[in-house]
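Hello! Here is the structure I promised to pass on to you. Please open it next to this email, and then read on for what I found in it.

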Amino acid sequence: MVSTPFGALKQAEAGLLSVGYAEAGPADGRAVLLLHGWPYDIHSYAEVTPVLAAAGYRVIVPFARGYGTTRFRSDGTVRNGQQAVLAVDVIALMDALGIDRAILGGFDWGGRSADIVAALWPDRCQALVSVSGYLIGSQAAGAVPLPPAAEHVWWYQYYFATDRGRTGYDRYRHEFGKLIWQLASPKWAFDDATFARSAAAFDNPDHVAIVIHNYRWRLGLAEGEPQYDDLERRLAALPAIAVPAITLEGDANGAPHPDPSAYASKFSGKYAHRTIEGGVGHNLPQEAPQAFAQAIADVDGF
């Protein structure tokens, strides 16, 4: 087993994956699943987790497909990174761990997966904390051109659309990840050891394939798998999220993100938005762990 700030990691056979995850808190506590983004890993929640565990929650922090100790159970499985399948992975993990309902928290890719579970499987989601709000999209939306300044911040998406970009990301995945951290959180003074701890997760043998497919799928440059077509059709309709929810945004998020006013109407249940100040960037759980943990506790009381 791998040693981490969470202690020894666990593995669960869940759907198509053997999922690596950290767990903390009492086994009979209310379940909280914390979902990371790209290019990050479970250490985004290294300081959030003990706070929630001490408050009595059962905290589960899984590596997404293509990260850390998560592995595909079959070499023949398509290395698919489309949005629906990442959310299906969350449901499969909950099933494997015997969790009927959980509070879901996430940012970046993890925020999107949490949003999708809340929208399509509300019976499995007790409440939601989502950084940058409503992140559900579609290939049709991805085909719509943006103004040049908005396109510019998505530069890596177009790089990944090329063979050169795939090769470059494979060769320089750690350097690439550090650059994204710097751009997405321009006021976060993380040190080399903090980055290296997370960057080890990018050495997963499926990491490059999942990342490249994720971004190419968004632009319609890669196909999804037919078994997820119905889920994607439902997501393309941009379904409302009715479970209790808190959305968060850092005041110094340098990554592409919507304005909170653009998505407030997508949350039809009890809802609040919080802007976290103090130079907080894209990796909000790691940069402002107390604020994130407080949001989980507060949405539990909605």
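**What I found**

Let me begin with one residue: Leu238 has a relative accessibility of 34%, so it counts as partly exposed. Before we go further, please keep in mind that this is a predicted model.

Leu238 sits in the loop that runs between helix H11 (229–236) and strand E10 (245–250). Its backbone deserves a look too: phi is positive there, about 55 degrees, although Leu238 is not a glycine. As background, most residues other than glycine have a negative phi. Asp108 is another non-glycine residue with a positive phi, of about 55 degrees. You will find Asp108 in the loop between strand E8 (102–106) and helix H3 (109–120). Is Asp108 buried or exposed? With a relative accessibility of 14%, Asp108 counts as buried, because the cut-off for that word is under 20%.

**The chain as a whole**

Now step back and look at the whole chain. It holds 14 helices and 11 strands. The C-alpha trace spans about 50 × 45 × 40 Å along its principal axes. How does that fit with a compact globule? For 302 residues, such a globule would have a radius of gyration near 19 Å, and the chain has 18 Å, so the two agree.

Of the 302 residues, 57% count as buried. The accessible surface of the chain is about 12200 Å², and carbon and sulfur atoms make up 53% of that. On the charged side, there are 24 positive and 32 negative side chains, and the centres of these two sets are 2 Å apart.

The contacts also tell you how the chain folds back on itself. Taking contacts with a separation of 6 or more, 79% are between residues 24 or more positions apart.

**The core**

The largest nonpolar core contains 95 residues. Among those with the most contacts inside this core are Leu34, Trp38, Leu52 and Phe160. Which helix gives the most to this core? That is H2, with 9 residues.

Helix H2 covers residues 83–96, and Ala87 is in it. Ala87 has 0% relative accessibility, so this residue counts as buried. Leaving out residues up to four places away in sequence, Ala87 touches Ser113, Ile116, Val117 and Trp121. If you would like a distance to try on screen, the C-alpha atoms of Ala87 and Ile296 are 19 Å apart, with their positions 209 residues apart along the chain.

Phe160 is a good one to click on next. Apart from neighbours within four places in sequence, Phe160 is in contact with Trp38, Gly165, Tyr169, Phe176, Val211, Ile212, Tyr215 and Arg216. Gln157 lies in helix H6, residues 155–160. Gln157 counts as buried, because its relative accessibility is 7%. Beyond residues up to four places away in sequence, Gln157 touches Tyr215, Arg218 and Leu219. Notice that Tyr215 turns up in the contacts of Phe160 and in those of Gln157.

**A cis bond and two more places to visit**

Trp38 has something else to show you. The peptide bond that joins Trp38 and Pro39 is cis, with omega about -10 degrees. Most peptide bonds are trans. Pro39 is in the loop between strand E5 (31–35) and helix H1 (48–54).

Next, try Arg197, which is part of helix H9 (residues 192–199). Its relative accessible area is 33%, so Arg197 is partly exposed. What does Arg197 touch, not counting residues up to four places away in sequence? The residues are Pro5, Asp41, His43, Ala46 and Gln286. Arg197 and Tyr40 are 157 residues apart in sequence, and their C-alpha atoms are 9.8 Å apart in space.

Last stop: Gly281, in the loop between strand E11 (271–276) and helix H13 (284–287). Gly281 counts as buried, because its relative accessibility is 0%. Setting aside residues up to four places away in sequence, Gly281 touches Ala184, Ser185, Gly250, Ala252, Asn253 and Glu287. For a distance across the model, take Gly281 and Leu16: they are 265 residues apart along the chain, and their C-alpha atoms are separated by 33 Å.

Enjoy looking around!

Conventions:
Residues are numbered from 1 along each chain as its sequence is written. This is a predicted model: local features need pLDDT of at least 70, side-chain atom pairs count only at pLDDT 80 or more; totals for chains, interfaces and linings use all residues. Side-chain values use heavy atoms; hydrogens and water are left out. Helices (H or I, at least four residues) and strands (E, at least two) are DSSP runs, numbered from the N terminus. Buried means under 20% relative accessible area, exposed over 50%, partly exposed in between (1.4 Å probe, protein chains only). Contact means heavy atoms within 4.5 Å. The radius of gyration is taken over C-alpha atoms; the globule rule is 2.2 Å times the number of residues to the power 0.38. Accessible areas come from the Shrake-Rupley method with a 1.4 Å probe; for residues, only the protein chains shown count as cover. Lys and Arg count as positive and Asp and Glu as negative; His and the chain ends are not counted. The place of a charge is taken as NZ of Lys, CZ of Arg, CG of Asp or CD of Glu. A nonpolar core is a set of buried Ala, Val, Leu, Ile, Met, Phe, Trp, Tyr and Cys residues joined through side-chain atoms within 4.5 Å.
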